[in-house]
Amino acid sequence: MARYDAIVVGAGFGGMGAAIQLDRLGLSDYVILEREADLGGTWHVNRYPGLAVDIASVTYSYSFEPNPYWSRLFAPGEELRRYAQHVAERYGLRRRMRFGTAVEQARWDADRRHWVVTTGSGELTARFLITATGFLSQPYTPPFPGIDGFTGRIVHTTAWPDDLDLTGQRVGVIGTGATAVQLVPELADVAAELTVFQRTPIWVVPKVDTPIPAAVQRLFAALPVTQRAARLANTAVLEAIMVAGVLEFTRAKVLNRGAGLLAKAHLRTSVRDPETRRALTPGYDFGCKRPTFSNRYFRVFNSAHVRLETGSIAEVTAGGIALADGSEVALDTLVLATGFDLWQANFPAITVRGRDGVDLGAWWRASRFQAYEGITVPRFPNFLSLNSPYSYSGLSYFTTVEAQMKHMGRLLGELARRGAATFEVTERANAEFLDRVTERLGTSVFYGGDCGSARSYYFDPHGEAALLRPTSTLNAHREAVRFPLDDYVYGGVPA
Ligand code: NAP
C-alpha cells in the first residue's frame with residue numbers, strides 16, 4: 001500500500017500551489033521533496049545583485065494569498081523569498097517538506113498502483129506523483145575549452161556567494177539574457193573594468209517601476225478589492241501583450257512591431273555610440289525569445305569602463321577569455337549568466353517511468369514534446385507534471401500554477417466521486433490537444449515571425465515552440481474546470 005497520498009517534487013511556487021490544492025481535496029498525507037536547503041525554488045536559488053521580478057507583484061503572487069505590502073511595483077528577489085516563506089507558514093507546508101532531498105527517479109508500480117520514488121536516502125511510495133521542478137532550475141555552464149584552468153574566480157548567477165565583492169576587479173559576464181540585464185548595471189557600479197560577452201542581443205524595453213507608497217499598501221490591506229482591481233488591470237495588459245503581440249502575431253503584426261519600435265527607441269536614447277547600438281540590436285522578431293525590462297542596462301555601455309564584446313569565445317585561458325580573432329580579455333572574475341538547460345536536463349528533471357516501463361524523457365525526445373493540457377501524459381497514470389510542454393500560460397507563472405490547481409481539483413475530485421484508484425489521460429485526448437496547440441501556434445511569432453537567429457529556449461530540440469501554451473490564460477483557466485471528464489480513464493479502487 002502507498003505510504004503517502006502524494007509525493008510533490010519541488011518546493012517552489014508550483015509545488016506549494018499543488019500542495020495547497022491537495023489539502024483542499026483532503027489528500028493531506030503528502031510529502032514535498034526538495035533538492036535545495038530551503039523552499040522558494042527559483043527565488044531561493046537566485047541571489048545575484050539586481051534580482052527582481054519583472055511581472056508586477058500584484059499579479060506575480062497567488063490570487064488567493066495577496067500581499068498588500070510589496071515595496072515596489074516589481075518586488076526585489078528578497079521580498080519574493082519572504083513571500084514564499086509566508087505562504088509555506090500560512091498553509092502549514094513547511095512540516096511536509098524534506099530539504100536536501102534530490103529525487104533520482106520515479107516509477108509506476110502497476111500491480112500496487114502506486115509511484116515508487118527513489119531519493120539518495122531510500123524509496124518512498126505514493127498514489128500520486130506531482131513534479132513541480134520548474135523550467136529554469138538546471139543551471140547551464142557551456143563547455144568552454146580551458147574553463148577548468150581559469151585561475152580567477154568563476155561564478156554562475158544561480159550560485160551567487162552572499163559575500164562576493166567585485167569592487168575594483170576586472171569582471172567578465174558571459175550572456176545577455178534576463179539575468180545579465182539585471183546584473184550588469186549592478187556590476188558596472190563596482191567593477192574597475194566590465195566586459196559583457198554577447199552572442200545574441202536581447203530586446204529590452206523600459207521598466208516602469210516605482211515604490212508603492214505606504215498609503216497604497218494600507219489601502220490594499222484595508223480594502224483587498226482595490227488590490228484585486230489592480231491585479232485584474234495588470235493581468236489584462238499582460239494578456240493583451242501575450243495574445244495579441246505574440247500568439248496572434250500574423251494577425252496583429254502592428255502590435256508586435258510597436259513593441260520592437262519601443263525597444264529600439266529605448267536603445268537609441270540610451271546608448272551614444274552607433275556601433276554599440278547596432279551590436280545591441282536584435283536581428284529577430286520581438287517575442288521570439290523572452291524580452292527583458294530595464295532602464296539601466298543599455299546606459300552602462302556609455303561608461304568608459306564597460307565594454308560590449310561580440311567576438312566569439314574561443315576558450316577560457318588561465319587569465320581570461322581568448323576570442324576567435326586571437327585577442328584576449330584579462331579577467332579576475334568570470335560571471336556565467338549563461339542560463340539554464342531547459343530541454344536536455346529538464347524535460348523531465350528526473351527520470352520518470354510510467355506504464356510498461358516507458359521513459360518519459362526518452363519518449364518525448366523520440367516522438368514530440370507533449371502533455372494533455374500541459375499537465376498529464378498518456379501511459380503515466382496518477383502523474384501530474386506541472387512543468388510540461390505547452391503548460392506555461394500567460395506571462396505570470398502564477399496564472400499557470402493556478403490553472404493547474406484547478407485541473408487537479410476537477411480531476412482528483414472526479415476520481416474520488418467515482419471511488420476509483422487511478423486516472424490516465426487517453427491517447428485520443430492527448431493527440432487532439434497536441435493537434436490543437438500545434439495549429440494555434442501557426443499564427444504565433446514563433447512560426448509566423450523571423451526567429452531564425454534568436455537561439456530561443458522557447459523552441460524544443462525538434463524545433464517546435466513547445467514551452468508556452470498558445471492560448472489566452474482565460475482559455476487555460478476555463479478548460480481547467482471544463483475539460484471533458486472522459487478525456488481520462490479511471491481504474492481500480494483505492495487500496
Ligand atoms: P538565458 O536567457 O538563457 O540567457 C543565457 C545567455 O547566455 C544568453 O545570452 C546566451 O546566448 C548566453 N550563452 C549561453 N551559452 C553561451 C555560449 N556557449 N557562448 C556565449 N554565450 C552563451 O538565461 P537567463 O538570463 O538566466 O534567463 C533565463 C530566464 O530566467 C529568463 O528568460 C526569464 O524567463 C527568467 N528570468 C526572469 C527574471 C525576472 O523575472 N526578473 C530575471 C532573470 C531571469 P544566446 O542567446 O546566444 O544563446
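For the cavity linings shown here, Ala, Val, Leu, Ile, Met, Phe, Trp, Tyr, Cys and Pro count as nonpolar, Asp, Glu, Lys and Arg as charged, and the others, Gly among them, as polar.

**View 1. The second largest cavity of the predicted model and its lining.** This cavity has a volume of about 60 Å³, and by class its lining has seven nonpolar and five polar residues but no charged ones. Among the residues that line the second largest cavity are Thr131 and Thr133, together with Asn346, Phe347, Pro348, Ala349 and Ile350, while Trp364 and Phe383 also take part.

**View 2. The largest cavity, with helix 10 and helix 13.** A search of the whole structure finds four cavities of 30 Å³ or more, and the largest has a volume of about 100 Å³. Its lining is made by 13 residues, of which Glu373, Ala403, Gln404, Arg469 and Ala476 lie nearest the centre of the cavity. Helix 10 (397-418) and helix 13 (473-482) each supply at least two lining residues, and helix 10 gives the most, with five. By class, the lining of the largest cavity has four nonpolar, seven polar and two charged residues.

**View 3. The contact between domain 1 and domain 2.** The chain is divided into domain 1 (3-138 + 342-491) and domain 2 (147-205 + 252-284 + 294-336), and the contact takes 14 residues from domain 1 and 13 residues from domain 2. The two domains bury about 1300 Å² between them, 50% of it on carbon and sulfur atoms; Tyr48, Pro49 and Arg455 supply 41% of the area that domain 1 buries against domain 2, more than any other three residues. Between domain 1 and domain 2 the count of salt bridges is zero.

Methods: Residues are numbered from 1 along each chain as its sequence is written. This is a predicted model: local features need pLDDT of at least 70, side-chain atom pairs count only at pLDDT 80 or more; totals for chains, interfaces and linings use all residues. Side-chain values use heavy atoms; hydrogens and water are left out. On a 1 Å grid over the protein atoms alone, a cavity is a set of points where a 1.4 Å probe fits but cannot get out, and a pocket is an open set with protein on both sides within 12 Å along at least five of seven lines; lining residues have an atom within 4 Å of a point. Grid points are joined across faces, edges and corners, and a volume is the space filled by probe spheres set on the points. Helices (H or I, at least four residues) and strands (E, at least two) are DSSP runs, numbered from the N terminus. Domain bounds come from an automatic or database domain assignment. Contact means heavy atoms within 4.5 Å. Buried area is the accessible area (1.4 Å probe) that two parts lose on being put together, summed over both. A salt bridge is a side-chain nitrogen of Lys or Arg within 4 Å of a carboxyl oxygen of Asp or Glu.
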